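Let's walk through this fold together, starting with the sheet and working outwards to what packs around it. Have a look at the model first.

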Amino acid sequence: MRVILAEDSVLLRDGLVRLLQAAGLEVVDACPDAVTFLTSVREHRPDLVVVDVRMPPTFTSEGIEAALQVRAELPETSVLVLSQYVEERYATELLAGRAKGVGYLLKDRVADTQDFIDALHTVAGGGTALDPEVVSQLMSRARNQDPLARLTPREHDVLALMAQGRSNSAISKELFIGEGAVEKNVSAIFSKLDLVPTDVDHRRVLAVLQWLEHGGTP
């Protein structure tokens with residue numbers, strides 16, 4: 001597995017390099033800022049990138065914005081974000097479109113190195129690795145005891161494929177139903193999961209988060 005890191009802290013960056021190399025991963029590059037990170041990713045096209053959210057020069061959102069660019073430009077490259085905090089807006093954008101090959105972990109929870117390496121392999125393999133606190137905060141507006149119980153079997157099938165990052169067109173082909181039928185099922189899923197349209201939340205992502213939180217697998 002070929003990995004590129006983006007972390008401004010020299011000590012943490014060097015520590016991550018040693019950890020990944022000890023686990024048998026090939027660290028192609030380790031970058032101190034988002035600009036050099038993006039340049040390196042575009043050149044080397046790694047299997048996985050590990051990115052800090054806050055990086056120079058402003059230490060606000062350069063890292064996560066770079067991660068979003070990687071996700072948009074190189075969909076075959078998996079993305080794992082490390083952060084001190086849950087950046088709800090950017091976490092939602094990171095998961096938008098496809099909740100696969102993506103991870104968002106809080107730094108203070110990455111205490112067990114083997115768990116961290118396992119998360120890297122999960123994300124690189126097309127899976128999802130989300131810190132429980134990330135899920136909790138993103139789902140705070142849509143938490144129910146068992147919201148998935150409201151869904152019909154067909155809606156379950158549609159949501160399961162949404163969790164795999166499938167478009168409505170792809171879901172239509174997979175289930176042998178028309179795109180109009182898929183759209184009706186998606187609308188029903190949003191309604192039954194109490195996901196109303198807003199300017200700040202991505203309903204497709206929130207639906208997938210509920211699926212993952214209540215035992216579904218992408």
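Two strands count as paired if DSSP finds at least two bridges between them. With that in hand, take strand 5, where L106 stands opposite S83. Bear in mind throughout that this is a predicted model.

**The sheet**

So what is the strand order of the open sheet? Its six strands run 2-1-3-4-5-6, and the pairing is parallel. Strand 2 (26-31) and strand 6 (128-130) sit at the edges, each pairing on one side only. From one strand to the next the twist averages 15 degrees.

Here are three of the pairings side by side:

| Strands | Sense | Bridges |
|---|---|---|
| strand 1 (residues 2-6) and strand 3 (residues 48-52) | parallel | four |
| strand 4 and strand 5 | parallel | five |
| strand 5 and strand 6 | parallel | three |

For landmarks, try V3, which faces L48 in strand 3, and Y104, whose bridge partner in strand 6 is L130.

**Strand 5 and its neighbour**

Strand 5 (residues 102-106) is mostly covered, with five of its five residues buried. In a regular strand the side chains alternate between the two faces of the sheet. Here V102, Y104 and L106 point one way, while G103 and L105 point the other, and all are buried.

Next door, strand 4 (residues 78-83) holds L80. Why does L80 count as buried? Because its relative accessibility is 0%, and the cut-off for buried is under 20%. Setting aside neighbours within four places in sequence, L80 is in contact with L48, V49, V50 and V51, with G103, Y104 and L105, and with F116, L120 and V123. L80 and A119 are 39 residues apart along the chain, yet their C-alpha atoms are separated by 8.7 Å.

**Helix 2 against the sheet**

Helix 2 (residues 34-44) packs on the sheet, touching strand 1, strand 2 and strand 3, and its direction makes about 170 degrees with that of strand 1. Which of its residues are buried? They are A34, F37, L38, S40 and V41. Looking down the axis of helix 2, these buried residues fall within an arc of 165 degrees, so they line one face of the helix. That fits the usual geometry: an α-helix has 3.6 residues a turn, so residues three or four places apart point the same way.

The cover over the buried residues of helix 2 includes strand 1, strand 2, strand 3 and helix 3 (62-73). On the face turned away from the buried side you'll find the exposed residues V35 and E43.

The two ends of helix 2 deserve a glance too. At its start, a side-chain oxygen of D33 comes to within 3.1 Å of the backbone nitrogen of V35. Just after helix 2, R45 takes a positive phi of about 45 degrees.

**The cores**

In soluble globular proteins, nonpolar side chains tend to be buried together. In this model the largest nonpolar core has 54 residues, and those with the most contacts inside it are F37, L94, Y104, L159 and M162. Apart from it lies another core, of 18 residues, including V17, L48, L80 and A119.

What does M162 touch, not counting residues up to four places away in sequence? The list is I171, V186, I189, F190, R204, A207 and V208.

Helix 2 and strand 5 each supply a residue we have already met: F37 is one of the buried residues of helix 2, and Y104 is one of the buried residues of strand 5. Both are among the residues with the most contacts inside the largest core.

Technical notes
Residues are numbered from 1 along each chain as its sequence is written. This is a predicted model: local features need pLDDT of at least 70, side-chain atom pairs count only at pLDDT 80 or more; totals for chains, interfaces and linings use all residues. Side-chain values use heavy atoms; hydrogens and water are left out. Axes are lines fitted to C-alpha atoms, for helices over the stretch in contact, and angles run from 0 to 180 degrees between N-to-C directions. Contact means heavy atoms within 4.5 Å. Buried means under 20% relative accessible area, exposed over 50%, partly exposed in between (1.4 Å probe, protein chains only). The arc is that of the directions from the helix axis to the C-beta atoms. A polar contact is a pair of N or O atoms within 3.5 Å; within protein, one must be able to donate a hydrogen and the other to accept it, and residues adjacent in sequence count only if both atoms are side-chain atoms. A nonpolar core is a set of buried Ala, Val, Leu, Ile, Met, Phe, Trp, Tyr and Cys residues joined through side-chain atoms within 4.5 Å.
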